[in-house]
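Here's a quick briefing to read with the model open beside you. Three topics are covered, one after another.

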Amino acid sequence: MDCGLCEIIQTLAALAFVVIVLVIIIAHASASKMVHLQCHEKEKGFLNAEGKREPFPSIHDPPTKELSVVVPSYNEELRLPVMMDEALEYLENRQKQQSHFTYEVIVVDDGSKDKTTEVALKYTKKYSADKVRVLTQVTNRGKGGAVKMGTQRCRGKLILMADADGATKFADIEKMESGLQDLQPKPENMGIACGSRAHLEKESVATRSGFRTILMYGFHFLVWFLCVRGIKDTQCGFKLFTREAALRTFSSLHVERWAFDVELLYIAQCLNIPIAEVAVNWTEIEGSKLVPFWSWLQMGRDLLFIRLRYLTGAWRLESPRKVD
């Protein structure tokens, strides 16, 4: 081999090594050492139907409801009513049919600039604060931060994460419950059921641009290679947790933006929490907050940093602690 070519290869290999080392150092040095558990004074309570503020309970308290539904919402005044109408119609009908069934819906307004809180509070007045509560965050934390804050205030034995756009048919929660039961989560009662759109992938690829398809498959590969294996769709916003699994996984969650689902499932697999992937009905709804290229780029960076930060010990699995 030509000596000049050998030198070029050696130089490129040395540069690649330096870049890898720098990325590892940056990932480790930029990591927050503790899971953020602080919240603003205004985020510790909710308004009841009469407009009076009451304190939220804690996920550390014994459960008093069969189901809690956490709905992260950012600028969702237009799409939220469709989702809430469908969800509450289902929940009310189920409560009439099953006398033991009780529920609550917690809408987490993630620092919206529109009237998301006002829209959500209309449901509190209609159904009571025992059934619908609104947690208005002072600042925008990201979807992961909103779900985490809402989960910390839940009263349910089971906790469902559901997107505000209503893309998933709410009645599919029954499929999720069956998937959770099949895991046989006793005696620790640890289990997670993930809604999945993997069965719809061929159809979605046919309607996507080639560029978006490449981004999608690239993201799937990074998820598999760096963090989570055995789950085809980590990003569906319809996930059902046992209370114990939610407490254990969310206590260690660091990522507050789009890639938080991946870290949650990575944590669950590290803790050997059983996970079921359940096919659900899903329809794409206009108004997505995801900007195709930049959001995927950010998620790719987050996936790499998740893996590196746990590997280097910058992040560790935390013991469950109460929110301050």
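A quick word on terms before the pocket comes up: helices are DSSP runs of H or I with at least four residues, numbered from the N terminus. Keep in mind that this is a predicted model.

**The second largest pocket**
- The second largest pocket comes out at a volume of about 360 Å³.
- Its lining counts 17 residues, and E66, K157, L158, L180 and Q181 are the ones nearest the centre.
- Three elements chip in with at least two lining residues each: β6 (156-162), α5 (173-182) and α8 (243-250).
- Of the contributions to this lining, the one from α5 is the largest share, at 3 residues.
- By character, the lining splits into 7 charged, 5 polar and 5 nonpolar residues.

**Helix α9**
- Helix α9 covers residues 260-270, and 9 of its 11 residues are buried, so the helix is largely enclosed by the rest of the structure.
- The buried set is F260, D261, V262, E263, L264, L265, Y266, I267 and A268.
- Just past the end of α9, look for N272, which has a positive phi of about 60 degrees.

**A nonpolar patch on the surface**
- F221, W224 and F225 make up a nonpolar surface patch of about 340 Å².
- One of these, W224, sits in helix α7 (residues 210-227).
- W224 has a relative accessible area of 42%, so it counts as partly exposed; that class lies between buried, under 20%, and exposed, over 50%.

Definitions and conventions: Residues are numbered from 1 along each chain as its sequence is written. This is a predicted model: local features need pLDDT of at least 70, side-chain atom pairs count only at pLDDT 80 or more; totals for chains, interfaces and linings use all residues. Side-chain values use heavy atoms; hydrogens and water are left out. Buried means under 20% relative accessible area, exposed over 50%, partly exposed in between (1.4 Å probe, protein chains only). Patches are made of residues with over 30% relative accessible area and no salt bridge: like charges are joined within 9 Å, nonpolar side chains (Val, Leu, Ile, Met, Phe, Trp, Tyr) within 5 Å. Accessible areas come from the Shrake-Rupley method with a 1.4 Å probe; for residues, only the protein chains shown count as cover. A salt bridge is a side-chain nitrogen of Lys or Arg within 4 Å of a carboxyl oxygen of Asp or Glu. On a 1 Å grid over the protein atoms alone, a cavity is a set of points where a 1.4 Å probe fits but cannot get out, and a pocket is an open set with protein on both sides within 12 Å along at least five of seven lines; lining residues have an atom within 4 Å of a point. Grid points are joined across faces, edges and corners, and a volume is the space filled by probe spheres set on the points. Ala, Val, Leu, Ile, Met, Phe, Trp, Tyr, Cys and Pro count as nonpolar, Asp, Glu, Lys and Arg as charged, and the others, Gly among them, as polar.
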